Structures are given as C-alpha cells and as structure tokens.
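Hello,

Here is the structure I promised to pass on to you. Please open it first, and then read on for what was found in it.

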Protein chains: 2
Amino acid sequence: NNVKLFICLIFLHTFLHLLPATDGDTKTMTFLQEVVDILLAYIVESFDRETKVIDFHYPNELLQMNNWELQDEPATLDDILISCRATLKYAIKTAHPRYFNQLSTGLDMVGLAADWLTSTANTNMFTYEVAPVFVLLEYVTLKKMREIIGWTDGRGDGIFSPGGAISNMYAMLLARFKMFPEVKEKGMSSVPRLVAFTSEHSHFSIKKGAAALGIGTESVICIKADESGKLIPADLERRILEAKQKGFVPFFVSATAGTTVYGAFDPLIAISDICKKYNIWMHVDGAWGGSLLMSRRHRWKLDGVERANSVTWNPHKMMSVPLQCSALLVREEGLMQNCNQMHACYLFQQDKHYDLSYDTGDKALQCGRHVDIFKLWLMWRAKGTIGFEAQIDKCLELSEYLYNKIKDREGYEMVFDGKPQHTNVCFWYLPPGIRYMEDKEERKKHLHKVAPVIKARMMEYGTTMVSYQPQGDKVNFFRMVISNPAATFEDIDFLIEEIERLGQDL
Amino acid sequence: NNVKLFICLIFLHTFLHLLPATDGDTKTMTFLQEVVDILLAYIVESFDRETKVIDFHYPNELLQMNNWELQDEPATLDDILISCRATLKYAIKTAHPRYFNQLSTGLDMVGLAADWLTSTANTNMFTYEVAPVFVLLEYVTLKKMREIIGWTDGRGDGIFSPGGAISNMYAMLLARFKMFPEVKEKGMSSVPRLVAFTSEHSHFSIKKGAAALGIGTESVICIKADESGKLIPADLERRILEAKQKGFVPFFVSATAGTTVYGAFDPLIAISDICKKYNIWMHVDGAWGGSLLMSRRHRWKLDGVERANSVTWNPHKMMSVPLQCSALLVREEGLMQNCNQMHACYLFQQDKHYDLSYDTGDKALQCGRHVDIFKLWLMWRAKGTIGFEAQIDKCLELSEYLYNKIKDREGYEMVFDGKPQHTNVCFWYLPPGIRYMEDKEERKKHLHKVAPVIKARMMEYGTTMVSYQPQGDKVNFFRMVISNPAATFEDIDFLIEEIERLGQDL
C-alpha cells in the first residue's frame with residue numbers, strides 16, 4: 001500500500017508539476033500567466049466591433065470540432081491551453097458592444113478582476129470563520145441597498161442568492177412563513193389553501209417557485225396587465241376578493257419592476273395599498289428594473305418600493321456585474337433566520353470565540369453559498385454610486401434613441417405605444433414583401449416567421465444578437481434590451497441596418 | 001439631456017480609462033495584469049507552510065481595519081488594487097496545506113484557471129444559444145458521471161446546481177412529482193400526507209428542503225444510525241411500516257454516502273431493497289462521499305448506488321474543484337423537464353434554428369444558472385480519471401495515517417471504533433489535567449470546552465484550522481477531514497503537535 005501511495009504521490013506531483021508539487025511555483029506562475037494571456041487577448045477581441053459576436057456551429061458540428069470527451073489518462077498542459085482556446089473560440093462574446101441578447105450583457109473590467117480574486121480565495125459564505133471579509137462586505141452592501149430602497153437606516157435583512165428565480169422563491173417562502181410559521185414543521189397540510197398573485201407579464205419563476213414550494217401553479221393567479229404591460233390594480237383587488245370568497249387565503253403579491261419582455265413597471269403604490277388593505281405580503285421582483293433605483297432620473301418608476309416586504313434586485317443585469325449576482329432584500333429583521341434555520345451544530349457551533357451574528361449561513365436555503373458579493377462591492381468602489389447611475393442612464397438614453405429612430409420608420413411597428421420605461425424596445429420588422437399584405441391573417445402568419453429567420457442569420461453571420469419571442473396573441477417580435485455599457489448610438493444604428501439587410505428578402 | 005448624457009459618457013469612459021473606453025486596451029491589460037500579479041503572489045504564499053492559514057481578527061476589529069464602506073464617488077485604480085490586497089490579507093488561505101476546516105479545501109491550479117476563464121466568458125447556462133460549449137461540456141460530463149455511478153450507457157439526466165443542499169432539494173422535488181405529478185399544478189393540498197426518511201446523521205439540507213417544499217420538517221423521519229454512523233435498515237423498514245399504518249405516504253428515502261461528521265456510508269444495497277419493496281424513491285446524498293466512486297479501491301463503499309433514483313455528488317468537495325460544483329444525477333430521463341418546466345416562450349423559443357434538446361434551462365429551478373461545469377471538465381482533462389483517483393486515495397491514506405497515529409496515543413479518545421470509511425477522523429483530545437478525572441460528569445463538562453478553546457487558539461495563531469462539534473450526547477470533539485491535495489504526512493504530524501501544544505494547559 002505504501003508503495004502504491006508513493007507511486008500515486010509521484011504521479012500526482014509530477015505529471016503537471018504545478019503547485020502543490022514541490023518547487024511547483026515557477027511552473028504554476030508560467031501556466032497561469034499563459035492562461036491569463038489567452039484571456040486578455042479574448043477580452044480585447046471581445047470589445048472589437050470587427051470581431052464576430054459568435055462563431056456559431058450547430059450542436060452536432062460543435063461536438064465534432066474538438067475532442068471534448070473525458071479520458072482516464074491525464075492530458076499535458078499544452079493540451080489544457082488548447083482546450084481553453086477552443087472553449088473561447090466557440091463562446092459567445094458577451095462583452096461585445098453588439099451583443100444585446102439577454103438582460104445580462106457586457107463585461108466590466110473591475111467586476112472581472114474581482115471575480116478572478118473570488119475564485120482564487122475559493123471559499124464559501126456560510127460563516128465568518130471561513131469568509132471573514134466577504135461576510136462583512138455582504139453586510140455592508142446589503143445595508144446600502146436597503147438604504148437605497150428607502151428602508152429606515154438601511155435596516156432589514158437579505159441575502160445574495162443564485163439568481164432572481166431563487167430570490168423570488170425566497171420571498172414566497174418568507175411570506176408563507178410569516179403568515180403561517182407552523183408550515184415549517186407541519187407542511188402545507190397544516191395551512192388553508194394559499195393563493196399568490198402576479199401579473200400575466202411577470203417572470204415564470206413565480207410559478208416555478210409555487211410549484212416547488214408545494215403551493216402549486218394553479219394557486220398563482222395571473223392579474224391582467226394593461227397595453228404597456230403594467231399590472232392593473234383594480235383587477236388585482238377583484239381577484240383577491242374572488243379568492244377570499246372561495247375561502248382561499250391570499251398571502252403573496254409579486255409586483256414586477258421591469259418585466260422581462262416589455263420592461264414595464266407595475267404601479268407599486270397602488271399595489272401596496274391593496275396589500276396593506278388585505279394584509280398580504282408585497283414582493284417586488286426588481287430583478288431587471290431594481291437597478292433603476294440607482295438613477296435619480298429614473299427611480300420614480302419604482303416609487304412605492306419602500307412599502308414592499310421584500311425586493312429582488314439583480315446587479316448582474318442592469319448594473320453589469322458579472323454573473324451571478326442577485327440579492328433578495330427583506331424588510332423584517334430575523335425572519336429569514338427563523339424561516340430557514342435548522343441549527344446544524346456541526347456547522348454553526350454556538351461556542352465560538354467571535355460574534356456569531358456574522359455566521360449568516362443558516363438563514364440560507366443553501367448550505368455552502370458561492371461568494372457573489374465581491375464583484376459587486378469592488379465595482380461599486382470603482383464607480384461609486386454615481387458611476388452606476390451614469391451607466392444606467394446611458395443605457396436608457398440608447399433605448400430612447402432606438403425607440404425614436406424606429407417608431408415612425410417605414411417597415412417597423414411598435415408592439416406597444418409610448419416610450420419604453422426600461423431599455424426594452426419591442427417591435428416588429430416588416431420586410432417589404434409583407435408590408436402591404438391585405439390578408440391580415442396571412443400577414444400575421446408571415447410576420448411570425450420573420451424574427452426567427454433574421455435571428456438565425458444574425459447568429460450565422462455572427463454580427464449581432466437580439467432576442468425575439470411571441471407574447472399572448474402577438475406573433476414573434478424583437479425585444480431589444482440594452483444593458484451593455486459598451487454599446488453606443490452607432491451600435492444601435494448598426495442593429496437596425498443589420499435587421500434590414502438580413503430581413504429584406506423575407 | 002444630451003449634454004447630460006455627453007457628460008455621463010465622458011465620465012464613464014475616462015474615470016478609469018478601462019475598456020470599453022476608446023483606446024482602453026493598454027490600460028485594461030495593465031490593470032488586469034496588476035491584479036493577476038497580486039493573485040499569483042497570494043497563491044504561492046498560500047501553499048507556503050511558513051505562512052499563516054489566517055490572519056484572524058474579530059468582526060468589529062476587521063470592520064475598522066480598512067474602509068469597507070461604499071461611496072457615491074468613484075475610487076482610483078490604485079485604491080481598487082489596495083482593496084484587493086486588503087481583502088486577501090484577511091482571507092482564509094483555503095489552499096494552505098494545513099487548512100482542514102471544511103469538506104472543501106485546497107486550490108487546484110487547473111480548476112482555478114478554468115474558473116478565471118468562466119468569469120471571462122461571463123454567460124449563463126440556460127440555452128445552447130448563449131453557452132454553446134458549456135452546455136455541451138455539461139452534457140458530456142454528466143453522462144460520464146452517470147456511467148461511473150453504473151447506469152447503463154450513462155443514460156439518465158442531471159444538472160449542476162448551486163450546492164449540495166439544492167441538489168438534495170431537487171431530488172425531493174422529483175420524488176414527489178414522480179409519485180404525484182398533479183402536485184405541480186395543485187400543490188400539496190392535492191396529495192396525501194407525505195413522509196421522507198433519512199438517517200439521524202444525515203445533512204440538515206434534507207430537513208431544510210422539506211420545510212421549503214411545503215412538506216414540513218416533522219414529515220422527515222430520522223432513522224437510527226449505528227455506532228459508526230450508518231443508517232440501520234431494520235429501523236428504516238420499521239418506521240416506513242409505522243408511517244403507512246398512520247396513513248402517511250412514504251415517498252423519499254435519502255441515504256447518505258459519507259456523512260458530514262463521521263464520514264459514514266449508509267448500507268445502500270439494503271436500503272435499496274427496502275425502497276424497492278415499498279416503491280419509494282431512493283436518493284443517495286453523496287455530496288461528500290460520491291467522489292469515492294472515482295477510486296477503484298474505495299468505491300465498494302457505495303455499492304448499490306446504481307440502484308438509486310438520484311444521486312447528489314459534489315466535485316467541489318473531495319475532488320477539490322473550486323467552489324461551487326455540485327451535481328444532481330437522475331436515473332429517469334425527462335422527469336426533471338416535466339417537473340420543472342414552465343415553457344416561458346421568451347426564453348425558450350420553440351422555433352429556433354438548432355436542436356432544442358440542448359436548451360436545458362427549463363428543467364432547472366433557476367432561470368439563469370452559473371457556469372460551474374468548466375472547472376470540473378478542465379480538471380478532469382488535466383488529471384484524467386486516474387488523477388482524481390490518485391488524489392482521493394492519497395487523502396484517504398492520510399486519514400488512515402492520522403487514525404493509526406492517535407487511536408492508541410495517550411490523551412486521545414476516538415469518537416467511534418474502527419477505521420474511518422472516509423477521511424473523517426473524529427476524536428477527543430484530553431489535556432493532562434482532565435485525563436484522569438474520576439467524576440465522569442465533571443470530566444465531560446471540562447472536555448466539552450477543550451476543542452473550542454484549542455480551535456480559537458489555532459485561529460489566533462493562524463497555524464492550522466480543523467472543525468469541532470458536539471453530536472447527540474457526545475460533547476465537543478474534533479472532526480478532522482482531509483480533502484486538501486496539498487496535505488502531507490508531516491502536516492498531519494503538525495496538527496497533532498499543535499493540538500497538544502495549544503491544549504496541554506487546559
């Protein structure tokens with residue numbers, strides 16, 4: 001056995017000669033520097049408009065373009081570098097100034113540096129003991145975010161979670177626990193039939209959360225939205241009353257600040273009045289729109305957010321913090337802890353030598369929790385609040401520019417009237433061939449196919465990327481969003497030219 | 001407004017002169033290189049036994065040792081570099097050869113490089129469109145892991161989730177949906193009272209999951225474990241029958257492969273026989289012990305895992321993949337999709353131009369999902385399966401060495417008899433002063449305080465870190481675990497010397 005172990009050790013410590021191998025320092029520094037050189041070249045290339053956003057290949061092609069299989073035997077360091085290059089070659093350049101496909105775009109250099117540091121520190125968020133600085137920075141940052149929401153002295157609670165869907169699920173969990181604390185021990189069979197309310201334009205994570213939490217998707221009641229995608233408060237109240245008449249218990253309203261497709265802001269003040277009247281937890285899903293709180297010019301769109309019981313706010317979207325970075329902010333202190341703690345004594349020892357209030361792990365659903373705080377904190381240091389504000393204001397200016405450019409342009413139809421409230425600009429492009437079609441159904445059928453074809457061509461040319469989708473009875477339309485700080489007026493002009501170039505024959 | 005925008009742009013693009021600022025390339029390369037130099041120095045230092053594992057300060061001290069507050073105004077790049085240095089100065093050196101505090105320790109150089117690349121690629125896992133390579137690599141790696149579990153041709157399903165607690169929660173969610181698919185729409189009120197079973201030594205995430213899913217912690221029935229921490233199958237069967245007699249519906253058994261404290265492996269074959277007999281979903285929580293499947297010498301400890309319906313396996317623990325990297329593997333294909341999908345048409349368009357089976361996002365609870373796959377995949381390439389095996393075997397040899405060293409040594413008592421099955425070695429150190437105390441209660445009371453004091457001293461000296469906890473009626477004991485590939489026999493010797501040095505006066 002000792003011989004076998006010896007062979008193992010020799011093998012492990014020599015096949016790559018990297019740390020922790022004895023005298024592995026030099027080899028390690030060289031290797032990591034080679035990787036960094038690859039990354040730096042990729043970064044510079046990503047911002048270059050002459051480069052493709054994507055070198056697209058179909059899945060089966062891509063599977064054959066490199067040897068991606070895992071082997072029993074080790075590879076050489078050269079092979080590792082080749083794998084790194086191949087991976088980046090076929091990656092989407094999410095930093096590219098013409099990448100508009102998602103709500104999260106762009107690549108912030110300070111955020112990236114912070115994420116590299118986070119990986120190097122390689123720790124978990126559960127206790128002060130294993131992440132002293134990160135735990136403090138989470139405390140400082142959450143407090144600041146709560147101040148910005150408008151809660152007195154930044155009081156309250158919160159957590160950085162693995163994305164907006166989980167943040168929303170936390171909110172629903174807290175709302176249920178607040179109303180029926182016995183649900184933690186006794187489950188849903190101990191409580192009456194609960195119902196939640198959210199707009200028909202809200203994010204699918206509300207239903208996903210309800211399914212997971214044992215509430216069921218049928219208990220999520222979809223409230224009508226107006227033409228511009230805002231929840232109609234009168235319909236909310238009507239549906240609450242209707243539910244109560246059926247003997248159901250309304251426990252949760254999720255208002256959306258910045259819907260996924262239209263970028264609409266639900267009227268928070270009116271909603272909060274209703275929530276107060278019927279004693280219902282008010283959640284604001286500001287995953288996309290929450291960042292507008294950083295802008296003196298745009299934060300009025302979230303007026304009333306300070307009345308919410310909980311707020312989801314994803315700095316990885318509009319603030320361009322590297323993925324992932326999502327916060328749930330909670331107005332009531334101590335509730336998260338009571339709702340989620342299980343007192344695992346092997347993790348949260350109560351006889352430690354420091355202030356245990358910093359061991360926040362037990363308020364999470366997770367045990368280990370990824371360090372998502374440092375990139376946000378370091379970017380905030382680098383930009384200051386006013387830097388984030390400028391960045392956000394700029395994206396909104398660009399979307400207004402796009403809106404003004406196409407709203408009366410031939411061949412375009414807006415999906416809803418009026419200036420967008422967020423950076424979402426939703427529109428149809430009508431190729432000349434269908435522009436004057438008289439048969440409305442025929443026209444609709446054709447139009448539905450236009451966006452997917454243009455998008456496929458964009459990806460094949462690799463010049464730009466923008467999202468499209470149908471919504472309700474509206475056929476496929478483009479949803480342009482701007483969260484990429486690298487984008488300029490010229491990139492907006494380019495997008496329109498490109499849509500017309502790729503779509504004129506359709 | 002245009003003037004304001006102009007000022008914003010000037011401001012944004014010049015205050016740091018980094019990309020995407022025009023001609024920001026050089027400044028960006030210099031800045032990132034400076035950060036990398038800080039990180040490289042930290043890495044080399046982390047592996048140096050002359051360095052402290054931690055430069056410990058109490059929370060209130062640490063808050064005052066640097067300016068951590070967030071400001072309205074931007075900082076300079078120099079200030080950013082200072083913040084990076086300060087953050088690392090007070091961080092735990094998790095790569096340090098004498099850091100034994102958690103199940104996740106060590107820092108793999110290839111894994112780190114891969115994580116830096118992941119941050120640079122800055123994308124999400126939901127669709128092939130936005131993460132073509134990473135989606136394929138997840139597919140390749142999950143298949144390989146399922147082959148290693150022993151499922152025919154690696155068939156089945158799976159996902160990388162934000163940690164073992166969430167992986168376990170997924171398993172419980174799937175088990176419930178499999179038995180009662182209507183629960184997705186109708187919630188828990190549509191199903192009978194469900195009960196889950198797990199050992200009293202299992203991880204607290206099983207109860208946490210049950211609380212979240214609306215099942216309730218009281219419906220998690222804790223099964224007795226034997227002296228060495230293994231679930232007793234006869235007690236499981238007895239409790240299942242008891243629950244059925246009460247009219248409850250047993251739906252989920254979570255066996256543990258590698259318990260958190262003792263490192264015990266539940267007898268999977270016997271448990272699977274019971275699950276089969278009563279038609280209950282069998283989950284194996286192998287967050288900690290699953291990696292032993294990579295070792296020809298140790299994988300017998302998980303015999304029967306191939307009969308499980310689902311398996312949690314965290315490569316970020318025993319395989320030393322950087323945090324976070326947790327997989328849930330599922331035997332039945334298609335179930336995850338059916339259980340979790342919400343068909344959000346704005347994310348998962350059905351008329352895209354490529355094979356949509358690669359758009360796996362809708363089977364997740366999350367919407368955006370962090371890219372956790374690349375570091376595991378690249379490490380696997382670098383080491384090969386045999387490299388992981390050697391690394392794991394070495395850690396187990398080290399723990400056997402520790403066990404042999406202390407089992408008959410004066411001043412030590414083992415918490416349970418026999419050779420540990422995993423790298424967990426649980427023991428009491430008895431300082432000379434209490435070694436011969438006659439009053440058993442008095443001795444116990446004293447002993448309970450020994451580990452916390454030694455641990456606090458370890459942290460203050462910064463020489464090493466190891467965990468301790470009570471368990472049931474057993475007072476505080478040390479739980480040594482070895483997952484750190486940098487550790488050697490000498491480090492084990494050092495740990496024992498250090499415990500004796502710091503504890504002899506107690």
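Let me begin with one lysine. A:K317 has a relative accessibility of 14%, so it counts as buried, because buried means under 20%. Please keep in mind throughout that this is a predicted model.

Where along the chain should you look for A:K317? You will find A:K317 in the loop that lies between β7 (310-313) and β8 (326-330) of chain A. Leaving aside residues up to four places away in sequence, A:K317 is in contact with A:L103, A:S104, A:A287, A:W288 and A:S483. There is also a record for this position: an unreviewed UniProt entry carries the annotation "modified residue: N6-(pyridoxal phosphate)lysine", and it covers A:K317.

Next, the two chains. A turn of 180 degrees, with a shift of 0.0 Å along the axis, lays chain A on chain B with an RMSD of 0.0 Å. That is how a two-fold axis relates its copies. If you want to find the axis from within chain A, go to A:L213: its C-alpha is the nearest to the axis, 2.0 Å from it. As for the interface, 100% of the interface residues of chain A are also interface residues in chain B, so the copies meet through the same surface.

Last, the cysteines. How many disulfides does a search of the whole structure find? The search gives zero over all chains. Two cysteines to look at are A:C222, which counts as partly exposed at 34% relative accessibility, and B:C426, which counts as buried at 2%.

Enjoy exploring, and write back with any questions.

Best wishes

Conventions: Residues are numbered from 1 along each chain as its sequence is written. Chains are lettered from A and ligands numbered from 1 in the order in which they are written. This is a predicted model: local features need pLDDT of at least 70, side-chain atom pairs count only at pLDDT 80 or more; totals for chains, interfaces and linings use all residues. Side-chain values use heavy atoms; hydrogens and water are left out. Copies are superposed by least squares on the C-alpha atoms of residues with pLDDT of at least 70 in both. Contact means heavy atoms within 4.5 Å. UniProt positions are given in the numbering used here, feature names are shortened, and annotations may be inferred rather than shown by experiment. Helices (H or I, at least four residues) and strands (E, at least two) are DSSP runs, numbered from the N terminus. Buried means under 20% relative accessible area, exposed over 50%, partly exposed in between (1.4 Å probe, protein chains only). A disulfide is a pair of cysteine sulfur atoms within 2.5 Å.
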